[in-house]
Amino acid sequence: MFTQRPIHPCPSPALISFSETWQLLGPFQIGTREATWGADPLELIGGFRSLVYDESARFPSSLAVNGTVGWSTFTADLSHSNCKNAKANLLVSFENTDWRSLQLVYGWAALQYQGWARGNVTVHGDQQKTIVLYTDQVLEFWIDDANYFGGDLYAYRRAPLVLHLEPGHHQIDIRIVRDVRAMGGVGEPTVSIGLEAKVSEGGLKPVEGSILLPDVVEGKLVSSLGSVILRNEEDYWIDVLSLESVNVGFNVAMKDKPPFRLAPGQSRSLPFDITLGHGSAEEVSFEITYKLNHSPRVFRTSRARRSVQLREADEPQKITYLHPGGVVSYAMLRSPSEKATRHTDPDTSFAVLIALHGAGVNVDSNLMRNSFRDAPDLKAWILFPSGMTSWSGDDWHRWGIADLEAAIAAIPEWIKTMGWNGPNVDADQRLVTGHSNGGQGTWYFLTHSLDKVIGAAPVSGYSSIQG
């Protein structure tokens, strides 16, 4: 027998809240990508966490007109969607800094800076609560005396922090990092930080919007793998036991033998096999059974669902495959057109044209899918790898290139699945192009896989982040 996790009624007033007034210190200089390696000048004096607000205190900063910066305060924009949810939007700006003059000298790199903000999150009532904390545009933060490095700088909202907080005020120190590539080099260089705290009922949660599915073309799934991100909001390990279809249009099952384990607070991507079922269906829906590792009692999650995307045969199609890291990834694939394959020898193989996306670009967006629309009859397989994320945060190096190789290796499976009888793919003959960060990836690919590249066109790229 399966048990639904109990939902408790919501009392009033709110169970969780953020402070309205926040303390601010900065700005300090920082280079692109330096934040992940430290580069915080305040560590020289014990770190921001050791400082107490003092209006008279001054700190050296190369960004200030007189060479020093001090403390200030600002007001957060607070809201509650219900009594178990609190939001705080922190719009950070340093108005006393002469950004225009700095930019005239240093270009857009002058708008890359760091600082710190301090506020509180308050747990109301008289009992400990489990809190799911989202930290949009934040890389590093402290809660009380605990450091959390690896917030959610790009606001994916897929792996929030799960905390168990006692009643009362809890200090939050947030490291502000303005990444000019992500946040822009035009206008006032502000940083908009989004904090959201949700009181959790515990249990296992499928992350909203995280289901990854292959496209459907001419009544066929173009690939056989999908995935969903699950979050453990318990204080115990969770064992996932099964994944069960709700509708008859698609069959889903865990790819690996159960149990699939999640540590307390962990968010983890669960791969699954997917096949067509009976009849027609416009969405995939399933439920997940699991148990806490200290108890034999079995629970069932709420229903997770996602619509399938129907594509035409001549459109770029979303294929899914297993990344070497063990998670399911995807790419967009456009097969050679009928005109391109006409009068072609049956034993002919076409090269792969690899199009690497720029920073912040999703490859299943219209921007990328239509980027070769004006060249419909190229004698090539056109592949748009995702690089695992829209930001491909490693600049198409380690996991980005590994994702690209896995995507190329998945093309023969697409040929088999779709019953393709046109030219085969020559995975060792590669044309590479990309824009911006993708242009940088093109240069990287040229210098690391020269034996397979027969042509390349980096666009607005760069050889390295230093260059």
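Here are some exercises on this structure, each with a worked solution.

The model is predicted, so local features need pLDDT of at least 70 and side-chain atom pairs count only at pLDDT 80 or more, while totals for chains, interfaces and linings use all residues. Residues are numbered from 1 along each chain as its sequence is written, and side-chain values use heavy atoms, with hydrogens and water left out.

**Exercise 1. A small sheet**

Task: Find the order of the strands in the open sheet that contains β17, and name its edge strands.

Solution:
- Start with the terms. Strands are DSSP runs (E, at least two residues), numbered from the N terminus. Two strands pair if DSSP finds at least two bridges between them.
- Next, read off the order: 3 strands make up this open sheet, β18-β17-β27, with mixed pairing.
- Now look at the edges. β18 (220–221) and β27 (310–311) each pair on one side only.
- Finally, check one pairing. Strand β17 (residues 216–217) runs parallel to β27, and 2 bridges join them. Across this pairing, Val 217 stands opposite Arg 311.

**Exercise 2. A salt bridge between two strands**

Task: Work out which residue forms a salt bridge with Arg 118, and whether Arg 118 is buried or exposed.

Solution:
- Recall the general idea: side chains of opposite charge can pair when their charged atoms come close.
- Apply the cut-off. A salt bridge is a side-chain nitrogen of Lys or Arg within 4 Å of a carboxyl oxygen of Asp or Glu. The whole structure has 20 of them.
- Find the partner: Arg 118 bridges to Asp 173, and their closest N and O atoms are 2.7 Å apart.
- Place both residues. Arg 118 is in strand β9 (residues 113–123) and Asp 173 is in strand β14 (residues 168–178), so the bridge links parts of the chain 55 residues apart.
- Judge burial, where buried means under 20% relative accessible area, exposed over 50% and partly exposed in between (1.4 Å probe, protein chains only). Arg 118 has 8% and is buried. Asp 173 is buried too, at 1%.

**Exercise 3. Around Glu 196**

Task: Describe which residues Glu 196 is linked to, beginning with its salt bridge to Lys 198.

Solution:
- Begin with that bridge: the closest N and O atoms of Lys 198 and Glu 196 are 3.9 Å apart.
- Add the accessibilities. Lys 198 is partly exposed at 32%, whereas Glu 196 is buried at 8%.
- Widen the view: salt bridges link Asp 136, Arg 157, Glu 196 and Lys 198 in a network.
- Bring in Asn 85, which sits in strand β8 (residues 85–92) and is buried at 3% relative accessibility. Its side chain makes a polar contact of 2.6 Å with the side chain of Glu 196. A polar contact is a pair of N or O atoms within 3.5 Å; within protein, one must be able to donate a hydrogen and the other to accept it, and residues adjacent in sequence count only if both atoms are side-chain atoms.
- List the surroundings. Leaving aside neighbours within four places in sequence, the contacts of Asn 85 (heavy atoms within 4.5 Å) are Ile 16, Ser 79, His 80, Glu 196, Ala 197 and Lys 198.

**Exercise 4. Nonpolar cores and a pair of rings**

Task: Find how many residues the largest nonpolar core has, then classify the ring pair of Trp 414 and Trp 420.

Solution:
- Define the term: a nonpolar core is a set of buried Ala, Val, Leu, Ile, Met, Phe, Trp, Tyr and Cys residues joined through side-chain atoms within 4.5 Å.
- Count: the largest core has 37 residues, and those with the most contacts inside it are Phe 18, Trp 22, Leu 90 and Ile 174. Strand β15 (residues 191–199) gives the largest share, 5 residues.
- Look elsewhere: apart from this core lies another, of 28 residues, including Trp 414 and Leu 446.
- Turn to the rings. Rings of Phe, Tyr and Trp (its six-membered ring) pair if their centres lie within 6.5 Å; planes under 30 degrees apart count as stacked, over 60 as edge-to-face and the rest as tilted. The structure holds 14 such pairs.
- Classify: the centres of the Trp 414 and Trp 420 rings are 5.8 Å apart and the planes lie at 55 degrees, so this pair is tilted.
- Compare burial: Trp 414 is buried at 5%, and Trp 420 is partly exposed at 21%.

Technical notes:
Helices (H or I, at least four residues) and strands (E, at least two) are DSSP runs, numbered from the N terminus.
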